[in-house]
Structures are given as structure tokens and as C-alpha cells.
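User: I'd like to go through the labels on this one and see which cut-off stands behind each. Can you take me through them?

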Amino acid sequence: MNSDATSEVFVHPSAEVDEGARIGAGTKVWHLAHIRSSATIGANCVIGRNVYVDAGAVVGDLVKIQNNVSVYQGVTIEDEVFVGPCAVFTNDLRPRAQNPDWQITPTLVRRGASIGANATLVCGVEIGEYAMVAAGSVVTKNVAPYQLVAGNPARPLGWVDAKGQVVSRDPQRPPNA
């Protein structure tokens, strides 16, 4: 494990951090988490209980990942993102137990976005800056910056500001557009 600054990284004794994982200063890795080699986690993050960060996954600074989340290879989470408990990321559009042609399909979560509890993000989507995905949603399409989406499949419900407050219930037109 490499730490890039002077502040200590906290790793709970029951957590596993593989050789070659990079964890930024001030980050806390809690009970039973597993951080794989070549995973990158930024500074001042909170990695909750039973979180799995796969090899090659990227997590920015000031990110909070709640309990029971798996961040698979191909997922990039930018700075200041909130990932609620039991949220699901995928990286395979056509999953099969045996597939010699398997390729990772990347997912990108932009700065400041929030992913609600038990939400599922089908790989290949981009969640825009400060967007909000409601709890239990299944995201199959890109989410615009500051957009609020909910449901299965997730549909636009309105727009939020940088603090997460709903500023418009017009799903088609952002405020000031």
C-alpha cells in the first residue's frame, strides 16, 4: 500500500489491502473491506464495511462508499462522490460464466454525484457531475449533470443543485435552460 501524503491512512485490522494498492492520505478503510492490487483510492475517503475495490478501479478524493458495495475494474469514481449502501456497479454487458472474448465496459461517476442505497448501475453509463440517483434505481442510460433520476429503469424526475436540493421537477428542462 502506498500513501501519497503525510496524514495516516487507517486500515481496520480485518480489512485486506493487497500489495500495490494506492490509498491516499487520511482515508479510512473499515471492517472486512478488500482493496485489490492496482486499485487507486484518493485522499480523505471513507471505505465502509465489506466494500470491495477491484484491481484497476479508481476512486477519487473525498469519496464516501457505504457498506457492502463492490467497485469493479472499469469503474471510475471522481472526487466527492457518495455511494450508498449496497449499491451495485457492473462491468460486463453480456455476462457468462465462460466467455473467452470478455471485455470490460467502463462506468464513470463524475464529481459530486450521489448514488442511493441499493441502486444498480449497468456498465457503460456516465453519471454527470452532482447528479442524484435515487435509492433502488436501475440506471441503464447516462445521467446528465445535476439530474435527478429514479425507478427501474431510472427515469428523469427533475434537477438538483450541488447540495442535493431539488430545484426543478421538470424532468425535461434543467433550471435556467
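User: Why is Trp30 called partly exposed?

Analyst: Quick caveat, this is a predicted model. Trp30 has a relative accessible area of 30%. Buried needs under 20% and exposed needs over 50%, so Trp30, at 30%, counts as partly exposed. You'll find Trp30 in the loop between β4 (28-29) and β5 (34-35).

User: Which residues form a nonpolar patch on the surface with Trp30?

Analyst: Phe10 and Val46 join Trp30 there, and together the three have about 220 Å² of accessible area.

User: What makes Arg36 and Asp54 a salt bridge?

Analyst: The closest N and O atoms of Arg36 and Asp54 are 3.3 Å apart. The cut-off is 4 Å between a side-chain nitrogen of Lys or Arg and a carboxyl oxygen of Asp or Glu, so the pair qualifies. Arg36 sits in the loop between β5 and β6 (40-41), and Asp54 in the loop between β8 (52-53) and β9 (58-59), so the bridge ties together parts 18 residues apart in sequence.

User: Is Asp54 buried or exposed, and what about Arg36?

Analyst: Asp54 has a relative accessible area of 11%, and the limit for buried is under 20%, so Asp54 is buried. Arg36, with 27%, is partly exposed.

User: How many salt bridges does that rule give?

Analyst: Six. One of them joins Glu78 and Arg110, at 2.8 Å from N to O. Glu78 lies in the loop between β12 (75-77) and β13, while Arg110 lies in the loop between β15 (107-109) and β16 (114-115), so this pair ties together parts 32 residues apart in sequence. Another is Glu80 with Arg111, where the closest N and O atoms are 2.9 Å apart. That pair also links distant parts of the chain: Glu80 is in the loop between β12 and β13, Arg111 in the loop between β15 and β16, 31 residues apart.

User: How do you know which accessibility class those four belong to?

Analyst: Just put the values between the 20% and 50% limits. Glu78 has 22% and counts as partly exposed, and Arg110 is partly exposed with 28%. Glu80 gets that label at 31%, and Arg111 gets it at 29%.

User: What makes Asp18, Arg36 and Asp54 one network?

Analyst: Shared partners: salt bridges that have partners in common join Asp18, Arg36 and Asp54.

User: Why are β3 and β18 called edge strands?

Analyst: They belong to an open sheet of six strands in the order β3-β6-β9-β12-β15-β18, with parallel pairing. β3 (22-23) and β18 (126-127) each have a single partner strand, so one side of each is left without a neighbour in the sheet.

User: How do you know that β3 pairs with β6?

Analyst: Two bridges join β3 to β6, and pairing takes at least two, so they count as paired. The two strands run parallel. Ile23, for one, has Ile41 in β6 as its bridge partner.

User: Which strands form the other open sheet, and what is its pairing?

Analyst: There, 10 strands run in the order β1-β4-β7-β10-β13-β16-β19-β21-β22-β23, and the pairing is mixed. The edges are β1 (10-11) and β23 (166-168), each pairing on one side only. Inside that order, two bridges join β10 (residues 64-65) to β13 (residues 82-83), and these two run parallel. The bridge partner of Lys64 in β13 is Phe82.

User: Which residues touch the most other members of the largest nonpolar core?

Analyst: Ile65, Ile77 and Ile127, out of 37 residues. Leaving aside neighbours within four places in sequence, the contacts of Ile77 include Val58, Val63, Ile65, Phe89 and Val109.

User: What makes Tyr130 stand out?

Analyst: Its phi is near 60 degrees, a positive value in a residue other than glycine. Tyr130 is in the loop between β18 and β19 (132-133). With 18% relative accessibility against the 20% limit, Tyr130 counts as buried. Asn118 also has a positive phi, of about 60 degrees, although it is not a glycine.

User: And which peptide bond is cis?

Analyst: The one joining Asn152 and Pro153, with omega about -5 degrees. Pro153 sits in the loop between β21 (147-150) and β22 (155-160).

Conventions. Residues are numbered from 1 along each chain as its sequence is written. This is a predicted model: local features need pLDDT of at least 70, side-chain atom pairs count only at pLDDT 80 or more; totals for chains, interfaces and linings use all residues. Side-chain values use heavy atoms; hydrogens and water are left out. Patches are made of residues with over 30% relative accessible area and no salt bridge: like charges are joined within 9 Å, nonpolar side chains (Val, Leu, Ile, Met, Phe, Trp, Tyr) within 5 Å. Accessible areas come from the Shrake-Rupley method with a 1.4 Å probe; for residues, only the protein chains shown count as cover. Helices (H or I, at least four residues) and strands (E, at least two) are DSSP runs, numbered from the N terminus. Buried means under 20% relative accessible area, exposed over 50%, partly exposed in between (1.4 Å probe, protein chains only). A nonpolar core is a set of buried Ala, Val, Leu, Ile, Met, Phe, Trp, Tyr and Cys residues joined through side-chain atoms within 4.5 Å. Contact means heavy atoms within 4.5 Å.
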